Amino acid sequence: MHKPPNIEKRQFRILYKAFLLRVVDLELLSANADTTRMLGQFAALFAGISYLFTFWLIFAGGGFSPDFLWVMEHFLIATTMLVVGLFSVLCWESIFPDRRDVLVLAPLPVRVSTLFRAKVSALVAALSLSILSLNSISGLVWPKMFSATNGGGYLGMFHSLAAYWITMVLAAAFMFGCVLAIQGVASQLLPRRQFLRLSALLQVAAFFLFISVYILEPSLETPKALVAAQNQRMLAWLPSYWFLGLFQQLNGSMLPVFAPLARRAWVGLAVAIFGGAISVLMAYFRMMGKIIETPDIVPGAHRVNLSARFGNLLQTSVVLFSIRTLLRSRQHRMLLSFYLGAAFAMVLAYLKTSLKLLKLLHGSAGDAVNVSFPVASIWGMCFAIMAVRLVISMPLTLRANWIFRMTEIRGVPAYLSAIRRALFALAAIPIWLFLAVLFLLRWPTWPIAGHLVLLALVGIIVVELSLYGFHKLPFTCSYLPGQSKVHVVFWGCLLVWVPLVAARFEMRMLHRPIAFIGILTVLALTAACARWRTIASAQSAGELIFEEEYPPELFTLNLLQNVGVPLTHSSAADSSSQPL
């Protein structure tokens with residue numbers, strides 16, 4: 001029996017809207033959260049990145065050499081492919097139907113084809129939004145510069161504009177298709193339980209692979225480098241250069257050295273689209289029955305009993321709850337991988353640049369340990385703590401936090417002590433041990449040992465600063481997007497720039513015992529002050545926070561002594577007058 005077309009269109013619109021909003025997991029958000037505001041912030045972030053790629057052209061003028069234009073073409077293509085790849089990895093759980101989709105929608109009179117079209121349309125819309133916002137400014141300005149290689153003029157400019165956007169769309173389709181194909185092959189070859197266990201590892205591996213390739217890939221944009229025999233094997237494994245050749249072909253300015261790259265791009269695009277399409281079709285029209293019949297991940301037969309003590313009973317309970325939640329939740333592991341991957345990319349880019357500069361200036365990078373690696377270690381400590389701090393603010397199952405609300409029988413300072421130990425156990429101590437083993441094996445010297453002592457104090461200071469005002473249990477409070485986080489930007493800038501200045505000063509002081517004791521004393525006093533400030537903030541709090549709320553939009557100024565109209569965001573609608 002066929003349904004009327006208007007009913008199918010209505011079902012499609014409802015499912016499309018639901019799937020589009022589920023690109024972000026709505027169960028993490030507060031009941032008062034504004035999802036459209038959060039999506040708008042992501043679009044504004046990408047637009048800001050696009051502005052950074054373009055604004056300096058005002059001061060540079062024009063007349064760029066072809067080599068520089070090829071470098072910028074490759075940079076913009078590689079950045080778009082990176083963003084699409086990270087987007088695909090973050091939406092890993094939303095690409096294919098999950099158990100909830102099947103159990104809720106299967107009993108309803110909804111066709112599988114309608115479900116399939118709605119899911120694919122929502123993913124394409126979200127992907128298109130990221131591409132458009134990332135290239136919103138650079139995609140209009142840079143094609144004018146690139147038209148210099150195809151004759152120039154208005155016709156050449158519009159030709160370059162079309163070639164630029166076609167290349168970006170095809171490069172995005174290639175990355176998205178590759179992720180779909182990898183996920184589809186894994187889901188077909190493995191039983192569902194094993195696939196779900198392996199899924200998180202594949203996500204993390206793909207995430208760090210995309211970032212590592214983006215940071216470490218060499219600059220081979222010149223014709224001399226493209227035709228060099230020693231670079232051919234590397235070019236065969238770098239898709240961003242394939243689409244550089246494709247852009248040259250579409251732009252009408254292709255040199256013979258770009259022809260093999262363009263052919264690889266067309267072949268790779270066809271394989272990725274075919275593999276992704278087959279994976280999606282098989283997931284929707286063959287695997288939906290298996291999703292119902294096969295249960296999700298169940299506890300393994302061999303369990304590890306974490307019976308370690310982390311203090312009193314409350315502290316041990318909070319720390320073990322935090323560790324087990326992070327180990328069991330694929331979503332939180334993915335968020336942590338995202339933050340750590342961004343920090344890893346920054347540290348890797350800094351090390352690559354500094355080592356290359358030292359080699360260029362001195363002919364050797366042997367003295368890089370004097371500054372570069374201490375800076376990288378401080379960044380690693382700070383970013384790891386901040387990443388875990390951001391992840392534990394996301395809830396696991398928001399509707400289950402009533403258990404913690406009913407058992408809140410102690411003051412906020414007692415819970416703060418337990419949260420502090422959880423942050424040390426999840427971030428500060430593991431990263432410090434990793435850096436200690438790495439540094440002492442490579443440079444077993446007393447200055448490095450002194451740096452590790454100072455690094456431990458830096459970790460304590462960052463932990464205390466990150467816990468100031470954090471009156472929540474890990475993974476139990478709702479998340480409220482769209483708030484202004486000026487202080488986060490401020491501390492983020494400090495975490496980036498302070499190590500660059502302090503590391504050089506530190507490495508000079510480590511060779512002077514009196515100066516080292518002075519630095520140690522200053523950092524210890526700073527850690528004590530930060531701890532006192534955090535405890536004082538917890539003592540002033542009445543209870544733990546389990547539900548985030550937007551601050552009131554309007555406040556009473558108490559300008560009138562007898563009559564006033566207090567308005568908040570919840571009472572502004574009725575605006576009833578009340579005496580102050």
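**Entry 1: exposure terms, and F68**

I start with the cut-offs I need: a residue is buried under 20% relative accessible area, exposed over 50%, and partly exposed in between. I looked up F68 with this in hand, and its relative accessible area is 28%, so F68 is partly exposed. I note for the record that I am reading a predicted model.

**Entry 2: the whole chain**

I then stepped back to the chain. I find 23 helices and zero strands. The chain has 580 residues, and 44% of them count as buried. I also looked at contacts with a separation of 6 or more: residues 24 or more positions apart account for 80% of these.

**Entry 3: helix 4 against helix 13**

Next I went to helix 4, residues 66–90, and helix 13, residues 239–251. How do their axes cross? I see them come within 9 Å and cross at roughly 125°. Helix 4 and helix 13 are therefore oblique to each other. I noted the hand of this crossing too, and it is right-handed.

Which residues meet there? From helix 4 I list W70, E73, H74, I77, A78 and M81. Helix 13 brings P239, S240, Y241, F243, L244, F247 and Q248 to the contact. I sorted the residues of this contact by type and got nine nonpolar, three polar and one charged.

**Entry 4: aromatic pairs**

I searched the whole structure for aromatic pairs and have 12 of them. I took F68 and W142 as one of my examples: the ring centres are 6.5 Å apart and the planes are at 50°, so the pair is tilted. I like this one for its reach along the chain, as F68 is in helix 4 and W142 is in helix 8 (residues 138–146), 74 residues apart. Is W142 buried or exposed? Its relative accessibility is 0%, so W142 counts as buried, whereas F68 is partly exposed at 28%.

I also looked up F207 and F208, whose pair is edge-to-face. For these two rings I have 6.0 Å centre to centre and 75° between the planes. F207 has 1% relative accessibility and so counts as buried. F208 comes out at 26%, and therefore counts as partly exposed.

Back at F68, I asked which residues form an aromatic cluster with it. I find F68, W142, F146, Y164, W165 and F247 together in one cluster. F247 was already in my notes, as one of the helix 13 residues that meet helix 4.

**Entry 5: R420**

I moved on to R420, which is found in helix 20, residues 412–442. Is this arginine buried or exposed? R420 has 6% relative accessibility, so I enter it as buried. What does R420 touch, once residues up to four places away in sequence are not counted? My list for R420 is V463, E464, L467, R531 and I535.

**Entry 6: A225**

My last stop was A225, which lies in helix 11, residues 223–227. With a relative accessible area of 13%, A225 is buried. Leaving aside neighbours within four places in sequence, I find A225 in contact with L220 and N231. I also checked A225 against V257: the two are 32 residues apart in sequence, and their C-alpha atoms are 9.7 Å apart in space.

Note on methods: Residues numbered from 1 in each chain as written. Predicted model: local features only at pLDDT ≥ 70, side-chain atom pairs only at ≥ 80, totals over all residues. Heavy atoms only, no water. Axes fitted to C-alpha atoms, helices over the stretch in contact; angles between N-to-C directions. Helix = DSSP H or I, 4+ residues; strand = E, 2+ residues; numbered from the N terminus. Parallel < 35°, antiparallel > 145°, perpendicular 65-115°, else oblique. Left-handed = near helix turned anticlockwise from the far one by under 90°. Contact = heavy atoms within 4.5 Å. Nonpolar A, V, L, I, M, F, W, Y, C, P; charged D, E, K, R; others polar. Phe/Tyr/Trp six-rings, centres within 6.5 Å; stacked < 30°, edge-to-face > 60°. Buried < 20%, exposed > 50% of the residue type's maximum accessible area, 1.4 Å probe, protein only.
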